[in-house]
Amino acid sequence: MENFEQRQHGERAILVSVSVQLLDDLDAEEFRLLAQSAGAEILEHVSVQRQKPDPKFFIGSGKVEEIAELVRALDAELVIFDHSLSPAQERNLEKVLKCRVIDRTGLILDIFALRARTHEGKLQVELAQLKHLSTRLIRGFTGNLEQQKGGIGLRGPGESQLETDRRLIRVRITQLKDKLIKVQQTRLQGRAARQKAAIPTISLVGYTNAGKSTLFNILAKSDVYAADQLFATLDPTLRRLEWDGIGTVVLADTVGFVRNLQHDLVESFKATLEETLEATLLLHVVDSSSPNMPEQIEAVESVLKEIGADAPILHVYNKIDLSGDTAKITYKAPELPDRVYLSAHSGQGLDLLSQAVQQCLMGQLQQFDLVLNPAYGKLRTQLYTLNVIQSEHYDDEGDLHLSVCIAPHKLEQLIKQAHLPLDEIVGAKSFLFHRVLEEFESKQE
């Protein structure tokens, strides 16, 4: 068997989409995008119809021979299947095709290896890859693996470890899990500090390439990498910002989901998705221009259910500049928004998103009637900056009466920072400031 060298760029690949009656049909265009995201040079895309998977090859032996002819004729280096294959099926296919074979999970893991930037992201990718690799140490077509230069499905830890002893892989998996536990503990400390300060967390979730990072950059005035490609963002990103009418919030951008995401992948990335689990509100960003929108929504909801996320969800139908929809809010109950239609690219409907988020957080937003004497003008300016003042008027004594709708923690924070006497600012009806006064008096004692 001849040795084979991996190309540095654009591995020559044949894609195989299998439509199985007993399994969910997959999106062929999304499959092509996944392969292109991994850097594959697509030579041919073969479609196969099956009543049920073949135990030996997943597809029929006749189709395998047909693909083998294509491999030889096109000098292909790699065959990628858009389904999960068992280790035995991969080995059997490699023996006949005489080139490497990877499945959907291996392809996604390779893209993750390309995208991971942070320490945590790289740990999670390596853990997922080693778990996937541990059942595939013996391959049908290996050549001289020590001479490989890497490639799709082999980047990251899989690059030179196909002959690695299983025991060493188990040791490394244990080490990675321990490191991720420490990362998780660090995240818990940060999350506990936010919860102590009663700062709401709003997490962006959605199908990959739905426009989450573009929306995140606009809201947070940030520069998170955003591109028209699958899994452009892998590592979670958090930003604290002042949102008009709401006050301080933490905005979280998370990895995008895809259909048929394997349980092991979800399990490996639970540390990343914990920001979703602990969120006060989820913004489910939907690509309203996608022809597969219903299936994509279902895929995201399936993953959210699997990880146990039960926070309230506001659906954000993005890309209305492409879909032709108009900017609007739809409601599932009075004052309870269900959908916001907008375009993060053009800016249409962003004001409606703020309005809808305010209404979703209304359980946290409360009405307060404040009385400020003329010396407290700085607090009034801050409240105007947050756009939370609903009405104001002066009484005969020159005091300013304000009606504000704001999160209690934010108003408490502003007053504490200004070192203002609470009893002179608000009346006795505010339970919040009774509590603050009691805390203050107990500390004095």
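Here is a quick tour of this chain, covering confidence, one enclosed helix, some unusual backbone angles and the cysteines. Keep in mind that the model is predicted. Averaged over the chain, pLDDT comes to 76, and 71% of the residues reach at least 70.

**Where the confidence is high or low**

- Strand β9, which covers residues 313-318, has the highest mean pLDDT among the chain's elements, at 95.
- At the other end of the scale sits helix α16 (residues 431-444), with the lowest mean, 48.
- Residues 1-9 keep a pLDDT under 50 throughout, and the model gives this stretch 24 contacts beyond four places in sequence.
- Residues 427-437 also stay under 50, and here the model has 17 contacts beyond four places in sequence.

**A helix that is largely enclosed**

- Take a look at helix α7, residues 212-220: it is largely enclosed by the rest of the structure, because seven of its nine residues are buried.
- Want to find them on screen? Pick out K212, S213, L215, F216, N217, L219 and A220, the buried residues of α7.
- What do these buried residues pack against? Their partners are the strands β5 (201-206), β6 (237-243), β7 (247-253), β8 (281-287) and β9, plus helix α12 (350-360).
- Right after α7 comes K221, with a positive phi near 50°.

**Backbone angles that stand out**

- Most residues other than glycine have a negative phi, so positive values are worth a look.
- K98 has a positive phi near 55°, and you'll find K98 in the loop between α3 (87-97) and β4 (100-102).
- K319 has a positive phi too, near 65°, and K319 belongs to the loop between β9 and α11 (320-323).
- Is K98 buried or exposed? K98 is exposed, because its relative accessible area is 52% and the cut-off for exposed is over 50%.
- K319 has a relative accessibility of 16%, so K319 counts as buried; the cut-off there is under 20%.

**Cysteines**

- How many disulfides are there? The count comes to zero, with a disulfide taken as a pair of cysteine sulfur atoms within 2.5 Å.
- C99 has a relative accessibility of 2%, so C99 counts as buried.
- C360 has a relative accessible area of 21%, which means C360 is partly exposed.

Definitions and conventions:
Residues are numbered from 1 along each chain as its sequence is written. This is a predicted model: local features need pLDDT of at least 70, side-chain atom pairs count only at pLDDT 80 or more; totals for chains, interfaces and linings use all residues. Side-chain values use heavy atoms; hydrogens and water are left out. pLDDT is the predictor's confidence in each residue, from 0 to 100. Helices (H or I, at least four residues) and strands (E, at least two) are DSSP runs, numbered from the N terminus. Contact means heavy atoms within 4.5 Å. Buried means under 20% relative accessible area, exposed over 50%, partly exposed in between (1.4 Å probe, protein chains only).
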